[in-house]
Amino acid sequence: MIPVRCFTCGKVIAESWEEYKRRTGEGEDPATVLDDLKFVRYCCRRMFLAHVELVDTMAPYQ
Ligand SMILES: [Zn+2]
């Protein structure tokens, strides 16, 4: 599960996660999707990018 808010600035990120996951799953560049979703701060972008890596690592065990 992705955290509801960015740990650093408190911006809500959970509601954008499904769109991010869908669009990156369709082959879009994660940086472009984050720009579209208005996540301009590095602290928030890091939440998404770090979470993707975790999901990829965990997927075979789910
Ligand atoms: Zn943030």
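This is a short dialogue on reading a predicted model of a protein chain with a zinc ion.

Colleague: What should I know before I start?
Modeller: This is a predicted model, where local features need pLDDT of at least 70, side-chain atom pairs count only at pLDDT 80 or more, and totals for chains, interfaces and linings use all residues. Residues are numbered from 1 along each chain as its sequence is written, and side-chain values use heavy atoms, with hydrogens and water left out.

Colleague: How many helices and strands does the protein chain have?
Modeller: Helices (H or I, at least four residues) and strands (E, at least two) are DSSP runs, numbered from the N terminus. Here there are three helices and zero strands. From the N terminus, the order is α-α-α.

Colleague: Which atoms are the protein donors of the zinc ion?
Modeller: Donors are N, O and S atoms within 2.8 Å of the metal (3.2 Å for Na, K and Ca); water is not among the atoms, so sites may look incomplete. In this model the donors are the SG atoms of Cys6, Cys9, Cys43 and Cys44. They lie 2.3 to 2.4 Å from the zinc ion. Their spacing along the chain is C-x2-C-x33-C-C. Cys9 sits in the segment before helix H1 (14–25) and Cys44 in helix H3 (residues 42–58), so this pair ties together parts that are 35 residues apart in sequence.

Colleague: What is the geometry of the zinc site?
Modeller: Start with the ideal: four tetrahedral donors have angles of 109.5 degrees at the metal. Four donors count as tetrahedral if all angles lie between 85 and 135 degrees. The angles here are 95 to 115°, and the site is tetrahedral.

Colleague: Which residues does UniProt list for "binding site"?
Modeller: The unreviewed UniProt entry lists Cys6, Cys9, Cys43 and Cys44. They are spread over 39 residues of sequence, yet cluster in space, with a largest C-alpha distance of 7.7 Å. Take care: such annotations may be inferred rather than shown by experiment.

Colleague: Is Cys44 buried or exposed?
Modeller: Buried means under 20% relative accessible area, exposed over 50%, partly exposed in between (1.4 Å probe, protein chains only). Cys44 is buried at 1%. Cys6 is buried too, at 3%, and so is Cys43, at 12%. Cys9 is partly exposed at 35%. Across the 62 residues of the chain, 27% are buried.

Colleague: Which residues does Cys43 touch?
Modeller: Contact means heavy atoms within 4.5 Å. Leaving out residues up to four places away in sequence, Cys43 of helix H3 touches Cys6, Thr8 and Cys9. Cys6, in the segment before H1, has contacts that include Lys11, Ile13 and Met47.

Colleague: How many salt bridges are there?
Modeller: Side chains of opposite charge can pair when their charged atoms come close. A salt bridge is a side-chain nitrogen of Lys or Arg within 4 Å of a carboxyl oxygen of Asp or Glu. The count is six. One of them joins Arg23 and Glu19, with N and O 3.1 Å apart. These two are four residues apart in helix H1, so about one helical turn separates them. Arg23 is buried at 12%, whereas Glu19 is partly exposed at 32%. Another links Arg22 and Glu26 at 3.8 Å.

Colleague: Which residues form the salt-bridge network?
Modeller: Begin with Glu28, which pairs with Arg23 at 2.9 Å. Shared partners then join Glu19, Arg23, Glu28 and Asp36 into one network.

How values were computed. Four donors count as tetrahedral if all angles lie between 85 and 135 degrees; four count as square planar and six as octahedral if opposite donors are over 155 degrees apart and all others between 65 and 115; anything else is irregular.
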